[in-house]
Amino acid sequence: MQRHMSYLQKHPAITRSRVNNFVNDKGQWKDVNIQALLYDLRVSGEPHIKLEVWSAPGQERPSFKHAVKQEFRPAKTTHWFRVNVDIPKEFAGKAVQFLFDSSSEAMVWSAEGEPIMGLTGGNGGERHVDYLLTANATKDEPHRLFYVEVACNGLFGNGSFTQRPQDRDIYYRLSSVELVAPNPSAWALFHDMEVIVEMAGRLSSESPRSWQALTAANDVVNAVERADLSTVDAARGISRAFLDVPSSPASHQVYAIGNCHIDTAWLWPFAETRRKTARSWSTQLGLMDDYPDYRFAASQAQQFEWLLQDYPSLFKRIQQKAQDGQFIPIGGTWVEMDCNLPSGESLARQFLLGQRFFKEHFGKTCDVFWLPDTFGYSSQLPQIVRLSGAKYFFTQKLSWNNINTFPHTTFRWIGLDGSHILTHMAPSETYGAQCRPGELIDSLKKHKDIAYSNESLYLFGNGDGGGGPLRHMLERLRRMENLDGIPRIKQTHPREFYEHVEQNSRELVAWKGELYFELHRGTYTSQSNNKLWNRQSEFLLRDAELLSTVASMGSHHDSAFEYPADELTRLWKLVCLNQFHDVVPGSAINMVYRDSREMYESIISSAKEIRKKAAASIFGPSFACTAEQATGLALLNTSGWMRSDVVAVPEALYTRFFAAKNLMQIRTSDRAAFIPVANVPGFGIQHIDTDTNASIQTVEHPVRVFKDAGSGYVMENRHVRVTISDVGQITSYYDKVQSRELVPKGAAANVFELYDDVPGYWDAWDIEIYSLEKFKSLNASVVSIADQGPLVASLSVCVPISEASVLTQTISLNQMSPRLDFDCEIDWHENRKCLKVSFTWDIYSDMATYETQYGIVQRPTHRNTSWDMAKFEVCGHKFADISEFGYGVALLNDCKYGHSTLENTMSLSLIRAPKSPDEFCDMGRHKFRYAIYPHSGTFSESNVVQEAYHFNVPLLQLPTGSDQSISGDTSVVSISPPPPHKHHPFFSVSGARNVVLDTVKRAEDDSQSYIVRLYEAYGGHARALITTRFPAEKVTKVNILEEPMESDTEDGQCSVHWLTHSTSLEVKFKPFEVVTLKFTR
């Protein structure tokens, strides 16, 4: 028996503790473990290092050129440091590093103004404070001058976002400024030991390699003597003997790719992201020079564009590395967007903008859709991805599910229309891996489809706040590339992984429909105003593009109209930017929403101006008049369907051309005039007859409201009779046409409910299921009649919420429709509360229908399984619907996204009050609208899609001047000569009411062509007749990038063909298919 045998098998935990202490860079053993050997020399202070500083005022982020012109003075901290370095002679023959730890982020600049690399201070795992001055110093090193730009924020903002505001004043300490000479042998041993020690801890005790790792690590500790550096080389012999044992060829194969996920805004504003990108990516370029096998992927074209604008020389270096294959632009989208809230067209524009940028600046589009950190994935994404030139998808976010474990790793994801994309979710369950053995072991252990695919992707590098991979990570990765006991590693383009799976895997499993994220359900509701402006911007840009296309393509009053392509692109970029997955969901800091508000103001103002100019160009200069110049009024319908409505014309406008005696009804609240309009054509215009002598008695079917002593208030038109109680709740909703009561006896609708809203951790992100257990119903304190008809009847309702908050509501019913509208204004000052409104109907259905991008998604109304239960709060766009055979009810909205339907009760989440990361989230006044729309037939037989569009896109009121070119009663303007087409709309869709014409725009690279995008909305086949007033020589079916699609018919026109001697074409649709047509003159 050996006298000093370790007996480590008898006490492995003690030995593991020993070897961990040997490599630990924190704690009490740093002066006696490997950390004490890492540097041979170190100096600080003058005469070797001289610092001067200039502090930028306020929160300004000056350029290098501006900063270096300022007066520098001796100081300790803040912004721009001018650094003078003289390397001591004793450093000769050694590598020399400059260590600069400002406890924050920083950027090293050359004296000539070139960004060199980023720095991250502090004591976290992302710490990176070393800048290599020379790999081999001489005795007479030249004097060095360079600059360090210190950003007064950490990698993750200003401290804990759960405890304090992020825009508070905070001080950062310059904790170290040194010149050091690292000991390469000690560093090599340190990296060896990091791998070996973790393998000893993470491999199963039943694995021989676990014991071999523990033995090797223990032997290294025994071999190293601090006083004798030669023992380090001897110890490396022990570590190398373990690390040189190769992996089996049959081992799991990991495809590793570096990345630094940079949130485009989150705990920092957009302006700081511009600098984060430069700091992170410049660091990676340096690592690529030292590690030729290293591959790094970066997504989000917006960040590339910022880099091009702010750091053009750095952008050129990235282009070269991309050409060499080391720097990999990926993803194909403008930003890593939220996939729940944006419209279908917004998702399409994410890819159009992103793919075009990558094609222009890097010569190719991306075939991997890269979205690791978004809060759920719409069921239309597979089709949109395919139509954008990509075919692979990567994420990992569903590993965060807090109820069910998602059952797949590598699978075919099938979308609404049947399109599918090869999808992979990293089994390491992170996009910020640290290149440690445990993560690689998890890549095998947690792989759920190992029976079909023996490979996985592995994303490494510090993320969220940027930073990216560090030298330590790459050193560990080198040692693990072919190491027995863990999967084999190959650094490569992610495309190679997907291609290998396609070529070598057995038949993969499939997942159909949405990838619902079982967490962060509060993001459907937080930051209410931001969501309102997003919805408004999407529709305004739709109108602006439609009218600009008509103005530039048609022959009309102003044929010189120039399509504002650059401005529309700018506006779409801003919309897409604000759809980043921490902005529109409501999970960023207050500074972000101040910036976002300014962007939305710019979008809305500019889009309205474009719309106004385009209308004047189409219809003549009389349409360019102001309200003060108006002598008439026209109504423009930018939806695709004929519509009738009651419009409210502002007092300042109608008094210019209406005699008061001719008005049927004046609104009580603001003196606006209610005017009925009938049969305004889709994509057409109608003139209001200002000479009418109509009076109240001419309304054939007036609406009325009255107080009923027994039941409250009754609102009634020829379609419905609605009873509203004295506390503002609907107790009866009777369909007079169908002779059907919609509210069950003893139940109610329009019931406001105030819930406690305290999630487990993620305040702005989460609504938790236990919140449903604790709430109170709110009653109105005042209900009164506001408008009595004959065109519109309305009630005014006041609902106290608390001593600090109150909601006022106008409930309206017009004479034309069974739809009941609710216009709300809330003054909200709560703390961790959520306000919902609920509606209980006498309808039985196991499924409810919700609008999603370019279609619908159906979800259970029961909680049979844990998967059903997890969907207690879901995302819907303009409507939710519950229907049974023969009848249904839709809940419409103009800016809300959080829905739930449990049995026969529908709920809409209206507003929340989280306190982090934005302590002011949703405090103050808000306006929003919702509506109830009952209909005959099932959802598929209804016109709910059209009604939801109309609710969100009111008829556009266009004042007209005295040189008015519109004439005749209810006539339609000529927009395309010659007659007889002068009364026809711009576009029309007939023969398929399930087809929606969603977008009209000019083609991106062809001023002689325009784009029309349509989709099938209900889930059925269709054969639609598309008619256009603009002559075209040919029409081609194209993808979202406006590239011709592969032919699926003999004539090469992809199910599209012109009708003989006609301006119409027939287009075939599959269920939920998105069809993009390019018309060329």
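## Strands, helices and buried residues in a predicted model

In strand 35, Phe-822 is the residue that forms a bridge with Ile-811. This pair belongs to a longer ladder, since strand 34 and strand 35 (residues 820-828) run antiparallel and are joined by eight bridges. The structure described here is a predicted model, and the report follows its strands first, then its helices, and finally some single residues.

### Hairpins and pairings

Strand 34 and strand 35 form a hairpin, with five residues lying between the two strands. On its other pairing, strand 34 (residues 806-814) meets strand 33 (residues 792-800) in the antiparallel sense over nine bridges, and within this ladder Val-799 stands opposite Leu-807 of strand 34. Strand 33 and strand 34 also form a hairpin, again with five residues between them.

A further hairpin is made by strand 5 and strand 6, where four residues separate the strands and Gly-113 in the turn has a positive phi of about 95°. Strand 5 pairs with strand 6 (residues 115-120) in the antiparallel sense over five bridges, and it also pairs with strand 8 (residues 144-151), likewise antiparallel, over six bridges. The table sets out these pairings, with one pair of facing residues for each.

| Strands | Sense | Bridges | Facing residues |
|---|---|---|---|
| 33 and 34 | antiparallel | nine | Val-799 and Leu-807 |
| 34 and 35 | antiparallel | eight | Ile-811 and Phe-822 |
| 5 and 6 | antiparallel | five | Met-107 and Gly-118 |
| 5 and 8 | antiparallel | six | Val-108 and Val-148 |

How is strand 5 placed with respect to the rest of the structure, enclosed or not? Six of the six residues of strand 5 (residues 105-110) are buried, so the strand is largely enclosed by the rest of the structure. In a regular strand the side chains alternate between the two faces of the sheet. In strand 5, Glu-105, Met-107 and Trp-109 are buried on one side, while Ala-106, Val-108 and Ser-110 are buried on the other, and both faces are therefore covered.

### An open sheet of four strands

Elsewhere, four strands form an open sheet in the order 47-48-53-50, with antiparallel pairing. Strand 47 (995-1002) and strand 50 (1034-1038) stand at the edges with a single partner strand each, so one side of each has no neighbour in the sheet. From one strand to the next, the twist averages 25°. Strand 50 runs antiparallel to strand 53 (residues 1074-1080) and is joined to it by five bridges; in strand 53, Lys-1078 is the bridge partner of Thr-1036. Helix 14 (residues 528-553) packs on this sheet, where it touches strand 47 and strand 48 (1009-1016), and its direction makes about 60° with that of strand 47.

### Helices in their surroundings

Two packed helices are described by the angle between their axes and the distance between the axes. For helix 3 (residues 184-202) and helix 12 (residues 471-480), the angle is about 65° and the axes are 9 Å apart, and helix 3 passes helix 12 in a right-handed crossing. Helix 3 contributes Trp-187, Ala-188, His-191, Asp-192, Glu-194 and Val-195 to the contact, and helix 12 contributes His-472, Glu-475, Arg-476, Arg-479 and Met-480. These residues divide into four nonpolar, two polar and five charged.

Helix 7 (residues 301-310) has seven of its ten residues buried, so it is largely enclosed by the rest of the structure. The buried residues are Ala-301, Gln-302, Gln-303, Phe-304, Glu-305, Trp-306 and Leu-307. Their cover includes helix 6 (270-290), strand 11 (296-298), helix 8 (312-324), strand 12 (327-329), helix 9 (344-362) and helix 15 (565-578).

### Single residues

Leu-483 is found in the loop between helix 12 and strand 18 (488-491), and at 0% relative accessibility it counts as buried. What does Leu-483 contact, leaving aside its neighbours within four places in sequence? Its contacts are with Val-195, Met-199, Arg-209, Phe-242, Leu-243, Val-245, Pro-246 and Ser-247. The C-alpha atom of Ser-247 is separated from that of Leu-483 by 4.8 Å, although the two residues are 236 residues apart along the chain.

A disulfide is a covalent bond between the sulfur atoms of two cysteines. How many disulfides does the structure hold? The structure holds zero disulfides. Cys-834 is in no disulfide, and the nearest cysteine sulfur to its own, that of Cys-921, is 11 Å away, whereas a disulfide requires the sulfur atoms to be within 2.5 Å. Cys-834 counts as buried at 2% relative accessibility, and Cys-921 counts as buried at 1%.

Notes
Residues are numbered from 1 along each chain as its sequence is written. This is a predicted model: local features need pLDDT of at least 70, side-chain atom pairs count only at pLDDT 80 or more; totals for chains, interfaces and linings use all residues. Side-chain values use heavy atoms; hydrogens and water are left out. Buried means under 20% relative accessible area, exposed over 50%, partly exposed in between (1.4 Å probe, protein chains only). Contact means heavy atoms within 4.5 Å. Axes are lines fitted to C-alpha atoms, for helices over the stretch in contact, and angles run from 0 to 180 degrees between N-to-C directions. A crossing is left-handed if the near helix is turned anticlockwise from the far one by less than a right angle, and right-handed if clockwise. Ala, Val, Leu, Ile, Met, Phe, Trp, Tyr, Cys and Pro count as nonpolar, Asp, Glu, Lys and Arg as charged, and the others, Gly among them, as polar. Two strands pair if DSSP finds at least two bridges between them.
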